[in-house]
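Colleague: I am new to this structure and should be grateful for a close look at one part of it. Would you please take the charged side chains and their pairings, and then place them beside the nonpolar interior?

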Amino acid sequence: MKLFSREVAIFAGCLALMTTFTVNASAQSKGPLPKNWHLLTYEVDSVYGTSTEKAYKELLKGKKSTPVIVAVIDSGIDTLHEDLKSVLWTNPREIPGNGKDDDHNGYIDDIHGWNFLGGKDGSSLQEDSEEAAREYFRIKDKYHNPDSALTQDNKDYAIWQQVKVKIEQSNTQEKMEYRSMAKVQENVNKCESILKNFLGKDDFTVGELDSIQTTNQDVLLARNFMNRLLKSTPGEAPTFQEFKTEFDEYMKDLKRKAQASDTPPNANRQRIVGDNLEDINDNKYGNNDVMGKFGFHGTHVSGIIGAARNNGVGIDGVADNVRIMFVKAVPDGDERDKDVALAIRYAVDNGAQIINMSFGKPFSPHKDWVDDAVKYAESKGVLLIHAAGNDGNNNDSIPNYPNPNYLSGGKASNFITVGASSTGRGNDKVANFSNYGKSEVDLFAPGVQIYSTVPGGNTYRSASGTSMASPVVAGVAALVLSYYPDLSAQQLKYVLEKSATPLPDGTKMVTKPGTKDEQVEFSELSKSGGIVNTYEALKLAATLKGENVKKKQHKPKLKTVNKN
């Protein structure tokens, strides 16, 4: 599956928006949404936050913490960002820029992490295929007459039935959708040009559009068109550039789906990375460029977890004493099982205590490789936190990968799956796009209009998705662990889930994600039935006797990082 922030369901109704739209009156009546709403408390700020700021003020003042290494497996990170450069993990056993593998781990100059999408020439893979397309071509190439040949291979035949429908039948619909949405994109681009020229600026808000007074009919049409799009988004209306970023990524993803049956799925990967995709032991590929040219998603995720707190700029991350290790393994398109497995192992071997995974997909042909990596992390006491997905699906019945269910049987004890809750303002208490599951989703966390770091020029924007909810939980986990470092991964998981709270305003029934108005009890959408709560998690952690031994054994000494 594509990067989750691109799945926010604001585009499905774009064509209908040409004629009608509604504004959330209840959200408007409570004033602007605070940019750090996910850190706040309902009793004070009337938002479904995590009570993080309350915890700092009432529970942590004057207490000492120890640094926690959080690995982010994602698309890339802006290592020069003002709010991130002081919290980056630096490999203490590697000498920067000498072109040598000083720590003898097989990865040269892996100063802040590693790029499993990199080429030997320093380039990086940006666009890759969907996993369904890879499976479609794999089976189609393997069996010239698949409908008859595959009856002898139940596993492949079952996969073929799924991907054939998804690629061949859905492809026709997606091509039509892409053509229609391309017209919307053309109108957005025209409106952008007109409004930029009129306002004399590249970005603008709904308020600035509402204030436009002119007799120029082109400007008025552009204003009305963009107002409809911006005001129709979930929660507080985004700025134009925030909307444009999401929309352009959505269009790239839609184009990739529309072309899935026409394009060989591995050519781009082989041209740039050049590894043997079917050999997990061919693992010394990539380069040390964790930044690259497409790090919006990973930069945003990293900021949510640990953007420098109280430094007078930008935002405050959830955790105040983290080092972000970055492992690049998620392209535009679906991540490869091989990259995910190796990324987990790299993070564990280099001392990560928590790993955030804001990605996912509907097929996992080498799940055994990923399972082995999850087991390895489990044996080393490392907690994995994963986004549930943004398809409005029930993960109990529609698998989303990676997941904690081992092919060999049993379930990982170090794995948390996170759904996305909303601000609490308006009708949508739970993000309509969020996946859910009484068995397969552990808890929910804020995932709508989360304001965080983005690449280029020390900038910040809002994004939505379970991709944003997962790092909220990762940040809470890191915060708890930094003050209670003897907790094991299993204890940390227990603390986060046991302390998760019901909706703070007493709401019990919510709109079921993926539906228009079907009501369901919020407690039935996840195992814990609650939203992550920093304040309550810290209180619970204080009552436990830590049992963590393995983590201390594999954790390397941290290199001092200058925060100036």
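Modeller: What follows treats the salt bridges first, then one polar contact, and then the nonpolar cores. Please bear in mind that this is a predicted model.

The count of salt bridges comes to 27. Several charged residues are joined beyond simple pairs: Asp128, Glu131, Arg134, Arg336, Asp337 and Lys361 are linked in a network of salt bridges. Within that network, arginine 134 pairs with aspartate 128, and their closest N and O atoms are 3.6 Å apart. Both arginine 134 and aspartate 128 are buried.

Another pair has a different setting. Aspartate 202 forms a salt bridge with lysine 196, with 4.0 Å between the closest N and O atoms. Aspartate 202 counts as exposed because its relative accessible area is 52%, the cut-off for that class being over 50%. Lysine 196 has a relative accessible area of 23% and is therefore partly exposed.

A further salt bridge lies within a helix. Glutamate 536 is bridged to lysine 539, the closest N and O atoms being 3.7 Å apart. Both residues belong to helix α16 (residues 534-541), where they stand three residues apart, about one turn of the helix. Glutamate 536 is partly exposed at a relative accessible area of 29%, and lysine 539 is partly exposed at 39%.

Helix α16 (residues 534-541) also leads to a contact between distant parts of the sequence. Glutamate 58, which lies in helix α3 (residues 52-58), makes a polar contact through its side chain with the side chain of tyrosine 535, at 3.2 Å. These two residues are 477 residues apart in sequence, while their C-alpha atoms are 8.7 Å apart in space.

We may now turn to the nonpolar side chains. In soluble globular proteins, nonpolar side chains tend to be buried together. The largest nonpolar core here has 74 residues, of which Ile354, Leu383, Ile385, Val480 and Leu496 touch the most other members. Helix α14 (residues 466-483) gives the most to this core, with 12 residues. A second, separate core has 39 residues and includes Ile272, Ile355, Met357 and Leu384.

Leucine 383 shows what surrounds one of these core residues. Leaving aside its neighbours within four places in sequence, leucine 383 is in contact with residues including Ile354, Phe415, Ile416, Ala477, Leu492 and Leu496. The contacts of leucine 383 also take in Gln353, Asn414 and Lys493, and one of them is Ile355, which is among the residues of the second core.

Technical notes: Residues numbered from 1 in each chain as written. Predicted model: local features only at pLDDT ≥ 70, side-chain atom pairs only at ≥ 80, totals over all residues. Heavy atoms only, no water. Salt bridge = Lys/Arg side-chain N within 4 Å of Asp/Glu carboxyl O. Buried < 20%, exposed > 50% of the residue type's maximum accessible area, 1.4 Å probe, protein only. Helix = DSSP H or I, 4+ residues; strand = E, 2+ residues; numbered from the N terminus. Core = buried A, V, L, I, M, F, W, Y, C linked by side-chain atoms within 4.5 Å. Contact = heavy atoms within 4.5 Å. Polar contact = N/O pair within 3.5 Å; in protein donor to acceptor, adjacent residues only side chain to side chain.
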